Amino acid sequence: EKCEPMEVDGKMVPANVLGYRITSEFVKAFFGRVFANPATVFDEDILRPELQDAKIFADGVKTITDTNERVGKAYVQDGSADMAVPPLKALLHIMATGEYEGMTLDSPEFRKMWTRDAVMNSDWYKARLAECQKQEVNR
């Protein structure tokens with residue numbers, strides 16, 4: 001289930017940075033292989049922490065977004081982001097500034113950069129494979 005932004009005490013909390021959460025259906029289907037009664041271990045309070053205490057949840061999301069921004073800015077400022085492969089470069093810029101070439105975390109174009117087909121058919125990946133092959137031959 002996709003995590004959506006929410007409002008807590010009149011402030012927007014970008015919970016979408018968390019991505020997706022596991023659901024009770026997922027727990028039943030997959031954790032039942034490990035736990036006799038997975039719903040007692042992973043009840044709705046565990047699966048939806050924002051329902052336990054919205055302020056603490058919001059503070060946790062703020063810590064994540066602040067850390068993402070700080071780390072992203074460090075990579076952008078020292079030039080490392082520009083040396084990263086395109087999907088990672090875009091991610092680092094989005095972490096630092098919230099966008100990259102008009103894309104955000106939720107932009108379909110950004111999300112498509114991470115698909116198997118996009119990676120396998122990209123020029124940067126083909127060049128990387130060719131370089132790895134060349135290095136293996138020279139061993």
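Helix H4 (54–77), helix H6 (86–97) and helix H7 (108–112) each contribute at least two residues to the lining of the largest pocket in this predicted model. Of the elements that build this lining, H4 gives the most, with five residues. The lining is made up of 22 residues in total, and those nearest the centre of the pocket are Asn16, Val17, Asn68, Ile94 and Leu105. The volume of the largest pocket comes to about 520 Å³. What classes of residue make up the lining of the largest pocket? Sorted by class, there are 10 nonpolar, six polar and six charged residues.

The second largest pocket has a volume of about 170 Å³. Helix H4 appears here too, since both strand S2 (11–13) and H4 supply at least two residues of this lining. Once again a share of five residues comes from H4, and it is the largest share of the lining of the second largest pocket. From the early part of the sequence, the lining residues include Val8, Asp9, Lys11, Met12, Val13 and Pro14. They are joined in the lining by Lys55, Ala58, Val61, Lys62 and Thr65. By class, this lining holds six nonpolar residues, one polar residue and four charged residues.

Two of the residues that line the second largest pocket, Asp9 and Lys55, also meet through their side chains in a salt bridge, with an N to O distance of 3.6 Å. Asp9 belongs to the loop between S1 and S2, whereas Lys55 belongs to helix H4, so this pair ties together parts that are 46 residues apart in sequence. Are these two partners buried or exposed? Both Asp9 and Lys55 are exposed.

A short reminder helps in reading the pairs that follow. Side chains of opposite charge can pair when their charged atoms come close. In this model, the count of salt bridges comes to 11. One of the salt bridges is formed by the side chains of Lys2 and Asp106, at 3.2 Å from N to O. This pair links distant parts of the chain: Lys2 sits in the segment before strand S1 (6–8), while Asp106 sits in the loop between H6 and H7, 104 residues apart. Lys2 counts as partly exposed because its relative accessibility is 32%, a value that falls between the limits of 20% for buried and 50% for exposed. Asp106 is also partly exposed, at 35% relative accessibility.

Another salt bridge stays within one helix. The side chains of Lys73 and Glu69 meet at 2.8 Å, N to O. How far apart are Lys73 and Glu69 in helix H4? They are four residues apart, so about one helical turn separates them. Lys73 is partly exposed, with a relative accessible area of 34%, and Glu69 is partly exposed as well, with a relative accessible area of 32%. Elsewhere, salt bridges with shared partners join Glu1, Arg21, Arg48 and Glu50 into one network.

The surface also carries a nonpolar patch. It is formed by Ile22, Phe26 and Phe30, which together have about 240 Å² of accessible area. Phe30 is part of helix H1 (residues 24–30). With a relative accessibility of 39%, Phe30 counts as partly exposed.

Two tyrosines complete the picture. Tyr75 has its place in helix H4, and its relative accessibility of 39% is why Tyr75 counts as partly exposed. Where does Tyr75 lie relative to His93? The two residues are 18 apart along the chain, and 8.5 Å separates their C-alpha atoms. Tyr125, in turn, is found in helix H9 (residues 123–137). At 22% relative accessibility, Tyr125 counts as partly exposed, because buried would require a value under 20%. From Tyr125 to Ile64 the distance is 30 Å, C-alpha to C-alpha, and the two residues are 61 apart in sequence.

Methods: Residues numbered from 1 in each chain as written. Predicted model: local features only at pLDDT ≥ 70, side-chain atom pairs only at ≥ 80, totals over all residues. Heavy atoms only, no water. 1 Å grid on protein atoms, 1.4 Å probe; cavity = no way out; pocket = protein on both sides within 12 Å on 5 of 7 lines; lining within 4 Å. Points joined across faces, edges and corners; volume = space filled by probe spheres on them. Nonpolar A, V, L, I, M, F, W, Y, C, P; charged D, E, K, R; others polar. Patch = residues over 30% accessible without salt bridge, like charges linked within 9 Å, V, L, I, M, F, W, Y side chains within 5 Å. Areas by Shrake-Rupley, 256 points an atom, 1.4 Å probe, with all protein chains shown as cover. Salt bridge = Lys/Arg side-chain N within 4 Å of Asp/Glu carboxyl O. Buried < 20%, exposed > 50% of the residue type's maximum accessible area, 1.4 Å probe, protein only.
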